[in-house]
Number of protein chains: 2
Amino acid sequence: MMLSIVLVGTGNLAENLLRALFKTKQVKLVQLVGRNPSALKKFEHKVPVTSNYSEILDADVYLLAVSDHAIKSVSKSLGEVKGIIAHTSGATSLNAISARKKGVFYPLQTFTKRRILDFQQIPICLEASDDGSYDVLRKLAESISSKVFHVTSEKRKKLHVAAVFANNFSNHLFHISEMICKEEGLSFELLKPLILETVQKLEILTPQEAQTGPARRNDLESIKEHAALLKDEEHLRIYKLLSKAITKLYEEKL
Amino acid sequence: MMLSIVLVGTGNLAENLLRALFKTKQVKLVQLVGRNPSALKKFEHKVPVTSNYSEILDADVYLLAVSDHAIKSVSKSLGEVKGIIAHTSGATSLNAISARKKGVFYPLQTFTKRRILDFQQIPICLEASDDGSYDVLRKLAESISSKVFHVTSEKRKKLHVAAVFANNFSNHLFHISEMICKEEGLSFELLKPLILETVQKLEILTPQEAQTGPARRNDLESIKEHAALLKDEEHLRIYKLLSKAITKLYEEKL
């Protein structure tokens with residue numbers, strides 16, 4: 001039996017989900033719901049759209065690709081639907097949804113405007129209020145991704161923190177490195193092959209094995225010279241804290 | 001005229017340089033020099049090797065792929081050679097080499113055992129004591145890389161600091177994210193597509209544009225919840241410092 005889906009949201013994740021759902025023949029996207037009529041316009045030639053919660057169609061799954069703080073109110077607006085209501089947030093509990101049949105459908109990825117990713121490679125973390133709902137969500141997830149996992153609310157929140165370190169924080173370090181280049185009139189392009197290799201190495205090594213540099217070698221002279229070059233106090237604080245953390249990790253191993 | 005090269009060193013960078021030099025027909029690697037005879041053994045069927053500084057052959061360039069602290073002593077051991085002596089360090093001054101004709105040949109990349117990278121994509125930062133030496137080093141660099149730049153000692157040191165942020169520090173954040181996963185019995189594999197996309201995004205966006213997450217949104221509630229989940233004090237300190245830095249960056253933009 002083909003699953004029917006109503007998708008709520010028009011942001012980067014919603015657009016990526018919509019494109020992935022169009023590609024699979026195992027599910028049918030029956031409606032796209034959004035607050036903003038102009039955001040919906042972009043999709044109305046592909047799928048029925050509405051901004052009106054009294055016009056919501058019946059579906060097996062209502063997938064909420066909305067911001068964390070909107071999950072509660074959107075799930076209330078949907079009212080007494082027959083299908084499963086599932087949110088897509090890493091940081092929000094299953095219980096933020098008031099419906100009886102509910103779930104979490106969390107794609108562990110960072111979504112950006114105008115970037116359509118291959119959903120097959122995106123891990124989807126699932127949770128549900130009951131076995132029947134779980135099976136439906138799993139069928140939906142497996143129709144668009146080859147990486148589907150059961151992850152409880154508690155574990156998912158920790159995973160979300162890990163994702164903040166892996167994505168938000170590393171991205172901020174890339175920002176700092178770009179700023180340091182700019183101060184010297186150097187192009188950030190110079191660092192891009194290094195950044196790419198930092199990540200590609202992780203195919204064969206753990207981050208701990210892959211580490212190099214002055215802090216790993218406990219090369220205090222280089223660390224001191226670097227610190228003297230950093231004019232921005234915040235950059236300096238981050239340099240010191242991370243160098244200390246790395247030095248400590250490899251000292252402990254001796 | 002074909003350039004002749006003597007390469008000193010047997011580590012990861014030396015091996016990568018050796019493979020790149022073998023591929024080009026514009027230069028000839030005439031000798032590999034290393035302290036450790038057993039490390040040289042691996043290469044002796046490909047190139048003449050020696051551990052003895054009295055046996056060093058004549059060459060246009062002596063390329064030192066040795067650790068930073070060994071540059072001074074190795075360049076002294078080479079004595080009065082006719083060619084240019086160049087080191088490959090990001091953090092070391094040109095003047096660490098005592099020879100008259102000297103240079104810096106710094107490939108901005110992280111090199112790992114058993115990983116042979118495509119040198120064409122690796123930026124090489126050059127500096128030399130005189131124009132003639134610079135031209136020779138540029139010819140050498142351009143024979144193996146399409147990305148050759150003139151970078152002074154001062155700028156190169158700043159670039160090296162930027163590289164520490166971009167590579168060593170981001171890698172340590174990946175390590176922390178792996179540790180957080182492990183605490184929950186979750187596989188680090190779950191985060192790899194996210195980490196890869198973090199970097200791939202930078203093809204079209206600056207890190208500042210690419211940023212997402214609670215700190216960028218100044219979502220204090222999520223930040224507080226995350227902080228409560230972090231049991232390791234050092235992880236917590238890093239979480240707080242980087243969240244603050246990100247929040248500040250986007251506040252400033254308002």
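## Around B:F165

Setting aside neighbours within four places in sequence, B:F165 is in contact (heavy atoms within 4.5 Å) with A:L173, A:I176, A:S177, A:I180, A:L230, A:H235, A:I238, A:Y239 and B:S170. This is a predicted model, where local features need pLDDT of at least 70 and side-chain atom pairs count only at pLDDT 80 or more, while totals for chains, interfaces and linings use all residues. Residues are numbered from 1 along each chain as its sequence is written, and side-chain values use heavy atoms, with hydrogens and water left out.

## The cores

B:F165 also turns up in the largest nonpolar core (buried Ala, Val, Leu, Ile, Met, Phe, Trp, Tyr and Cys residues joined through side-chain atoms within 4.5 Å; buried means under 20% relative accessible area with a 1.4 Å probe, protein chains only). That core has 80 residues, and A:F165, A:L191, B:F165 and B:L191 touch the most other members. Apart from it lies another core of 33 residues, including B:V27, B:V47, B:L63 and B:I84.

## α5(A) meets α6(B)

Helix α5 of chain A (residues 153-183) and helix α6 of chain B (residues 192-200) have axes that come within 9 Å and cross at roughly 20°. So α5(A) is roughly parallel to α6(B), a label for angles under 35 degrees. On the α5(A) side, the contact is made by A:A163, A:A166, A:N167, A:S170, A:N171 and A:F174; α6(B) brings B:L194, B:I195, B:T198 and B:V199. Sorted by type, the residues of this contact are six nonpolar, four polar and no charged.

## Chain A overall

Of chain A's 254 residues, 57% count as buried. Its C-alpha trace spans about 65 × 40 × 30 Å along the principal axes.

Terms used: Chains are lettered from A and ligands numbered from 1 in the order in which they are written. Axes are lines fitted to C-alpha atoms, for helices over the stretch in contact, and angles run from 0 to 180 degrees between N-to-C directions. Helices (H or I, at least four residues) and strands (E, at least two) are DSSP runs, numbered from the N terminus. Angles under 35 degrees count as roughly parallel, over 145 as roughly antiparallel, 65 to 115 as roughly perpendicular and the rest as oblique. Ala, Val, Leu, Ile, Met, Phe, Trp, Tyr, Cys and Pro count as nonpolar, Asp, Glu, Lys and Arg as charged, and the others, Gly among them, as polar. Buried means under 20% relative accessible area, exposed over 50%, partly exposed in between (1.4 Å probe, protein chains only).
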